[in-house]
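This report deals with pairing between charged side chains. The sequence and the structure come first, and the individual pairs follow.

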Amino acid sequence: MKLSEEIQQPTFRSVHTEAILNIHFTSNWLFRIVQAELNAFGISHEQYNILRILRGNREGTYCLRDVQERMLNRTANATRLVEKLRKRGLLSRRPNPTNRRMVGVRITQAGLDLLDEMDGPIQEIERRTQVALSSEDASRLTEILEGLRDRLEVSGLAESRQRAESRQGVSR
């Protein structure tokens, strides 16, 4: 369905405005689909992201800052999310003996088991996406989005975002 029909807005200020809104709308639409699957496991999208990051470093530990830098939503409160996952036994925290401000986090076997259980429904979403979007289109879409981010970084939009985040008390 066309964005104009979805949000009941027949025209847009420009094709660029429509593109920005379409990216935002589609991102939120996909987010809701994934979150609906994660809800069955009592996990938020951000918690799932943290578990996936830690599974990627199964043999090692990440400091909290490293996890935050790898998160899709970097404005999420990683400390709070990690603590919720720790209380559920899905990850462990270990203070750094030489620097008390650094905390290492590592996925537990229970976290790995939960991710294994969640893999099926998430892979089904990916399978349906493969049916709806050819490999060529998926590659082209990735190329377009990465190019957009690169060019917006150069144009100074990243600095605007960083200023806005610092006004909100979010640091990177």
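## Helix 7

In this predicted model, the side chains of glutamate 143 and arginine 140 form a salt bridge, with 2.8 Å between the closest N and O atoms. Both residues belong to helix 7 (residues 135-154), where three residues, about one turn of the helix, set them apart. Arginine 140 has a relative accessibility of 45%, so arginine 140 counts as partly exposed.

## Helix 5

Glutamate 83 pairs with arginine 86 in a salt bridge whose closest N and O atoms are 2.5 Å apart. The two residues are about one helical turn from each other because they sit three residues apart in helix 5 (residues 78-87).

The relative accessible area of glutamate 83 is 23%, which makes this residue partly exposed. Arginine 86 is partly exposed as well, at 34% relative accessibility.

## Helix 4

A salt bridge also joins glutamate 69 to arginine 65, with an N to O distance of 3.8 Å. Helix 4 (residues 64-70) contains both residues, and they are four residues apart, about one turn of the helix.

Glutamate 69 is partly exposed, with 42% relative accessibility. For arginine 65 the relative accessible area is 48%, and since exposed means over 50%, arginine 65 is classed as partly exposed.

## Network and total

Arg55, Asp116 and Asp119 are connected through a network of salt bridges. The structure has nine salt bridges.

Notes
Residues numbered from 1 in each chain as written. Predicted model: local features only at pLDDT ≥ 70, side-chain atom pairs only at ≥ 80, totals over all residues. Heavy atoms only, no water. Salt bridge = Lys/Arg side-chain N within 4 Å of Asp/Glu carboxyl O. Buried < 20%, exposed > 50% of the residue type's maximum accessible area, 1.4 Å probe, protein only.
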